[in-house]
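Thanks for coming, everyone. Please have the viewer open while I talk.

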Amino acid sequence: MIKTSLIFPSMLWVFTMLCSCVTDNHDQIVEESDYNKPLANLAIDEVELVMIPTPVQTPTILVHSKCNYNPSHIEFADLVGKSTTSSQKAISLGISIVDFTYAGVNKDHILAKEKLANCMGLMDDLGIDIPKDEEFLIRIEENLENNDSLSYYVLSAFERSTQYFRNTDKEELGISILVGTALESSLLLTQDLNPELNSVYFNFFSQQKQYAKGLEVIMRRFKGLESMKRNIEIAEKLRGAFEKYEDWATSADSALRFQESKDNLIAEITEVKENCYH
């Protein structure tokens with residue numbers, strides 16, 4: 001029987017790296033052997049492996065795949081103003097962290113600062129205790145030109161946000177952050193879908209259905225909670241959207257209706273995103 005203990009492979013290195021995030025030394029090298037250490041006292045049937053994206057993966061892959069930067073992809077109208085419940089604010093935080101990273105790694109400093117302000121405001125509203133002092137903000141702004149350092153600080157804030165809710169018995173809000181991250185990552189990635197992109201892009205694109213399934217696995221034990229209903233619906237609809245696209249991609253007319261199928265996928269994910277705030 002599979003129990004509810006979970007490992008997040010795509011985030012495992014983040015947790016290892018951020019164990020020392022209370023210090024300023026983010027150049028510490030994590031040995032490859034650290035990833036392969038067994039989990040103590042955890043039987044095989046107690047673990048279910050799931051894949052969840054980090055907020056830096058999609059923006060970084062888009063840059064390495066030489067996709068054109070398009071700020072209109074992250075100019076979702078009044079994201080903060082639309083968020084009234086704690087769950088909506090947590091979803092918006094996940095979305096905003098991805099948007100900040102997207103603008104940041106593309107050197108759009110003005111929009112990156114706007115998205116950073118959104119993140120900080122949402123963290124305040126949610127009561128997340130992270131280092132928001134002047135020195136921390138200066139370090140972020142100083143590293144807008146350095147993608148590696150910027151990614152470190154983004155991951156630091158992301159991990160502190162999700163860890164905060166795990167430590168305060170409000171794990172469903174932490175999951176809402178993951179949902180927002182997965183939702184925005186999927187939409188950004190799909191908007192740049194092009195059959196001529198490299199294998200790095202398509203390897204990551206092919207994992208999107210698994211990311212949605214991972215969210216569903218995480219939320220199984222919360223299925224009876226009204227506060228998780230929206231998150232479960234988002235994960236189910238995301239998975240369904242990518243399953244439809246997969247069916248088309250393996251069909252006989254996949255070479256004839258690419259743009260139509262891409263537009264349909266974008267429309268479905270956009271509708272899921274907009275419905276978060278209704």
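I'll go from the overall fold to the core, then to one helix, the aromatic rings and two single residues.

Keep in mind that this is a predicted model. So everything here is computed.

Start with the fold. The chain has 12 helices and two strands. Read from the N terminus, the order is β-α-β, and helices follow from there on. The chain counts 278 residues, and 49% of them are buried. Its accessible surface is about 13,700 Å². Carbon and sulfur atoms hold 50% of that surface.

How much of the contact map is long-range? Take the contacts with a separation of 6 or more: 78% of them join residues 24 or more positions apart.

Now the core. The largest nonpolar core has 62 residues. Which members touch the most others? Those are L93, Y201, F205, L215, M219 and I234. Eight helices each give at least two residues to this core: α2, α4, α5, α8, α9, α10, α11 and α12. The largest share comes from α8, with 10 residues.

Pick I234 out of that list. Ignore its neighbours within four places in sequence. I234 then contacts I91, V179, L183, V272 and C276.

One of the contributors, α10, is mostly covered. Eight of the 11 residues in α10 are buried. Nonpolar side chains are there, including L215, V217 and I218. But Q208 and K209 are on the buried list too.

Next, α12. This helix runs from 258 to 275. It has 18 residues and spans 26 Å from first C-alpha to last, close to the 26 Å expected at 1.5 Å a residue. Which of its residues are buried? They are F258, S261, K262, L265, I266, I269, V272 and K273. Looking down the axis of α12, these buried residues fall within an arc of 135 degrees, so they line one face. Here is the general background. An α-helix has 3.6 residues a turn, so residues three or four places apart point the same way. And what does that buried face of α12 pack against? Its buried residues meet α4, α8, α9 and α11.

Two residues of α12 make a useful contrast. S261 sits in this helix. Is S261 buried or exposed? Its relative accessible area is 8%, and the cut-off for buried is under 20%, so S261 is buried. Beyond four places in sequence, S261 touches Y245 and W248.

E274 is in α12 as well. At 38% relative accessibility, E274 counts as partly exposed, because that class lies between 20% and 50%. One long-range distance to note here: the C-alpha atoms of E274 and K82 are 9.8 Å apart. Along the chain, those two are separated by 192 residues.

On to the rings. The structure holds eight aromatic pairs. Let me show two of them, both with F205.

The first partner is F242. The ring centres of F205 and F242 are 5.7 Å apart, with 70 degrees between the planes, so the pair is edge-to-face. F205 is in α9, F242 is in α11, and 37 residues separate them. Both F205 and F242 are buried.

The second partner is Y245. Here F205 and Y245 are again 5.7 Å centre to centre, and the planes are at 80 degrees, which makes this pair edge-to-face. Y245 is in α11 and F205 in α9, so the pair ties together parts 40 residues apart in sequence. As for cover, F205 has a relative accessible area of 8% and is buried. Y245 stands at 10% and counts as buried.

Which residues form the aromatic cluster around these pairs? Y201, F202, F205, F242, Y245, W248 and F258 make up one cluster. Recall that Y245 and W248 are touched by S261.

Last stop, D99. D99 is placed in α4. How accessible is D99? Its relative accessibility is 0%, so D99 counts as buried. What does D99 touch? Setting aside residues up to four places away, D99 contacts I74, K115 and E184.

To recap: a chain with 12 helices and two strands, a nonpolar core of 62 residues, and α12 with its buried residues along one face. That's my tour. Questions, please.

Key. Residues numbered from 1 in each chain as written. Heavy atoms only, no water. Helix = DSSP H or I, 4+ residues; strand = E, 2+ residues; numbered from the N terminus. Buried < 20%, exposed > 50% of the residue type's maximum accessible area, 1.4 Å probe, protein only. Contact = heavy atoms within 4.5 Å. Areas by Shrake-Rupley, 256 points an atom, 1.4 Å probe, with all protein chains shown as cover. Core = buried A, V, L, I, M, F, W, Y, C linked by side-chain atoms within 4.5 Å. Expected span 1.5 Å × (residues − 1). Arc of directions from axis to C-beta. Phe/Tyr/Trp six-rings, centres within 6.5 Å; stacked < 30°, edge-to-face > 60°.
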